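Dear colleague,

Please find the structure below, together with its sequence. A summary of what was found in it follows.

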Amino acid sequence: MPPRRALALACILSALTGCRPAVGPSDGEVELSAAEAAAELADAAARLERAKGVINLAAQTPEEVLPTSEHGVAFARPDHVYIESYGALGELLSVTRVADGRLAVYFPADDLWAAGAATAQNIAKLVGAPLEIGLLARALLAEPLVDVADHPGTIRYVGDLGDGLTRLAFRRADGSRQLLVTLEPEFPAPREQQLYDAAGEPELLVSYSGYERIGGIPRPGVVTLDDLAGSVVTVEFIEQEHNPELPGAVFDLSPPAGVRIVDLDAFEPAED
């Protein structure tokens, strides 16, 4: 895969559930088990309607600034994702679908269809980096970057620290930091998300601005992802719709006729 295409796909997949914690003012910390928080957020997830948006995406690395690309993005429930990725000349680079725990990526220029379980391991086989499937969908929908249902540690609602903001602190079972979500004071949507690696060191900073209520749900107009190593991706929504009609084929994981098919579950990339 050409480096530019790999990076563009990595940007898209590295940073995407319909849960929004109902956090109110607090004078201290309230600790919830992962199961309690998951149940609370699942109620919010069930109320998420279909959403569709068109975004502009620009990625800056220490070496270069990639041309701004336009991506058609459609969402329909937390576990379903559809992304069309376009290059600088308007050419279709890839179509990514996630549905019912399965992943399929179509590369029309290469006549290639890669499919398998929607796991971080299979994404790594596609882009050469360990990326968590669904991370960008969560970032774009301004939802926690950690899957609460599978979170083995604790979650604390942290009260006002003097700046009028509330924070949702995720810690692993061993007590190390995993995620810190800073919430907007007007509604329980993130202003900032700080993701930490296994050692508890900052790994990714996602910030949000330009919120609007789309269909009664606050959605950010601009999302910025900073890997804290010099690469920054800015995603700007130029159009958003709530509960549009989505074609049934959007989440069809059947490959087109005549394409080469790669089974990601069985595929082992060559060693460097």
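Helices (H or I, at least four residues) and strands (E, at least two) are DSSP runs, numbered from the N terminus. This is a predicted model, in which local features need pLDDT of at least 70 and side-chain atom pairs count only at pLDDT 80 or more, while totals for chains, interfaces and linings use all residues. Residues are numbered from 1 along each chain as its sequence is written, and side-chain values use heavy atoms, with hydrogens and water left out.

Confidence comes first. The protein averages a pLDDT (the predictor's confidence in each residue, from 0 to 100) of 76, and 76% of the residues score at least 70. Among the elements, strand β17 (residues 260-263) has the highest mean, 94, and helix α1 (residues 3-14) the lowest, 34. Over residues 1-26 the pLDDT stays under 50. Where pLDDT is low, the predicted coordinates should not be read in detail.

Glutamine 194 lies in strand β11 (residues 190-196). Glutamine 194 counts as buried because its relative accessibility is 13%; buried means under 20% relative accessible area, exposed over 50%, and partly exposed in between (1.4 Å probe, protein chains only). Its contacts (heavy atoms within 4.5 Å), not counting residues up to four places away in sequence, include Pro202, Leu204 and Leu228. The side chain of glutamine 194 also reaches the backbone oxygen of leucine 204 at 3.0 Å.

Leucine 228 brings us to a hairpin. This residue sits in the turn between β15 and β16, where 5 residues separate the two strands, and has a positive phi of about 65°. Strands β15 (residues 222-226) and β16 (residues 232-242) run antiparallel and are joined by 5 bridges; two strands pair if DSSP finds at least two bridges between them. One of the bridge partnerships links aspartate 226 with valine 232. Strand β12 (residues 202-209) is also antiparallel to β15, again with 5 bridges, and tyrosine 208 has valine 223 as its bridge partner.

Which side chains of β15 are buried? Val223 and Leu225 are, and they point to one face, while Val222, Thr224 and Asp226 point to the other and are not.

Leu225 is also among the residues with the most contacts inside the largest nonpolar core, which has 47 residues. Such a core is a set of buried Ala, Val, Leu, Ile, Met, Phe, Trp, Tyr and Cys residues joined through side-chain atoms within 4.5 Å. Helix α4 (residues 135-140) gives the most to this core, with 5 residues.

With kind regards

Technical notes: Polar contact = N/O pair within 3.5 Å; in protein donor to acceptor, adjacent residues only side chain to side chain.
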